[in-house]
Amino acid sequence: MRIIHTLIGLLITFFGLALVNTTMDTAIRNRMVKVYGIILMSIGVFYLKKTAKLDK
């Protein structure tokens, strides 16, 4: 079960990282996507620390 939670957390984190690295033509949309990416990365790291218990 721990391996499944680890994979889910890494998937969420990498998806957030992909959004942070995405560039769009309009400035507002670009910032919005980067904010969503940062939020998803934070959720992924929190998920890895609490659910997958990788903080030890």
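Here are some worked exercises on the structure above, which is a predicted model.

**Exercise 1. The overall picture**

Work out which helices and strands the chain has, and how its dimensions relate to those of a compact globule.

*Solution.* Start with the secondary structure: the chain has two helices and zero strands. Helix α1 covers residues 2–20, and helix α2 covers residues 27–50.

Next, look at the overall dimensions. The C-alpha atoms fill a box of roughly 40 × 15 × 10 Å along the principal axes. The radius of gyration is 13 Å, whereas a compact globule of 56 residues would have one near 10 Å.

Finally, turn to the surface. Buried residues account for 21% of the 56 residues. The accessible surface comes to about 4,500 Å², and carbon and sulfur atoms hold 72% of that.

**Exercise 2. The span of helix α2**

Compare the reach of α2 with the value expected at 1.5 Å a residue.

*Solution.* Begin by counting: α2 has 24 residues. The expected span is 1.5 Å times one less than the number of residues, and for α2 this gives 34 Å. From its first C-alpha to its last, the helix reaches 35 Å, which is close to the expected value.

**Exercise 3. Buried residues of α2 and their cover**

Find the buried residues of α2, and name one element that covers them.

*Solution.* First, list the buried residues: Asn-30, Val-33, Gly-37, Gly-44, Tyr-47 and Leu-48. Their cover includes α1.

Now take Asn-30 as an example. Asn-30 counts as buried because its relative accessibility is 17%, and the cut-off for buried is under 20%. Leaving aside neighbours within four places in sequence, Asn-30 is in contact with Thr-22, Thr-23 and Met-24.

**Exercise 4. Three residues of α1**

Sort Thr-13, Ile-8 and Phe-14 into buried, partly exposed or exposed.

*Solution.* You need two cut-offs: buried is under 20% relative accessible area and exposed is over 50%, with partly exposed in between.

- Thr-13 sits in α1 and has 16% relative accessibility, so Thr-13 is buried.
- Ile-8, also found in α1, has 36%, so Ile-8 is partly exposed.
- Phe-14 lies in α1 and has 53%, so Phe-14 is exposed.

Then see what surrounds Thr-13. Beyond neighbours within four places in sequence, Thr-13 is in contact with Met-41, Gly-44, Val-45 and Leu-48. Two of these names may look familiar: Gly-44 and Leu-48 are among the buried residues of α2.

**Exercise 5. Distance in sequence and in space**

Set the pair Phe-14 and Leu-48 beside the pair Ile-8 and Met-24, using C-alpha to C-alpha distances.

*Solution.* Phe-14 and Leu-48 are 34 residues apart in sequence and 12 Å apart in space. Ile-8 and Met-24, by contrast, are 16 residues apart in sequence and 27 Å apart in space.

To widen the view, consider contacts between residues at least 6 apart in sequence: 58% of them join residues at least 24 apart.

**Exercise 6. A nonpolar patch**

Identify the residues that make the nonpolar surface patch of about 460 Å², and place Ile-39 in the picture.

*Solution.* The patch is made by Met-32, Val-35, Tyr-36, Ile-39 and Ile-43. Ile-39 belongs to α2. With a relative accessibility of 43%, Ile-39 counts as partly exposed. That value fits the patch rule, which takes residues with over 30% relative accessible area.

How values were computed
Residues numbered from 1 in each chain as written. Predicted model: local features only at pLDDT ≥ 70, side-chain atom pairs only at ≥ 80, totals over all residues. Heavy atoms only, no water. Patch = residues over 30% accessible without salt bridge, like charges linked within 9 Å, V, L, I, M, F, W, Y side chains within 5 Å. Areas by Shrake-Rupley, 256 points an atom, 1.4 Å probe, with all protein chains shown as cover. Salt bridge = Lys/Arg side-chain N within 4 Å of Asp/Glu carboxyl O. Helix = DSSP H or I, 4+ residues; strand = E, 2+ residues; numbered from the N terminus. Buried < 20%, exposed > 50% of the residue type's maximum accessible area, 1.4 Å probe, protein only. Contact = heavy atoms within 4.5 Å. Rg over C-alpha atoms; globule rule 2.2 N^0.38 Å.
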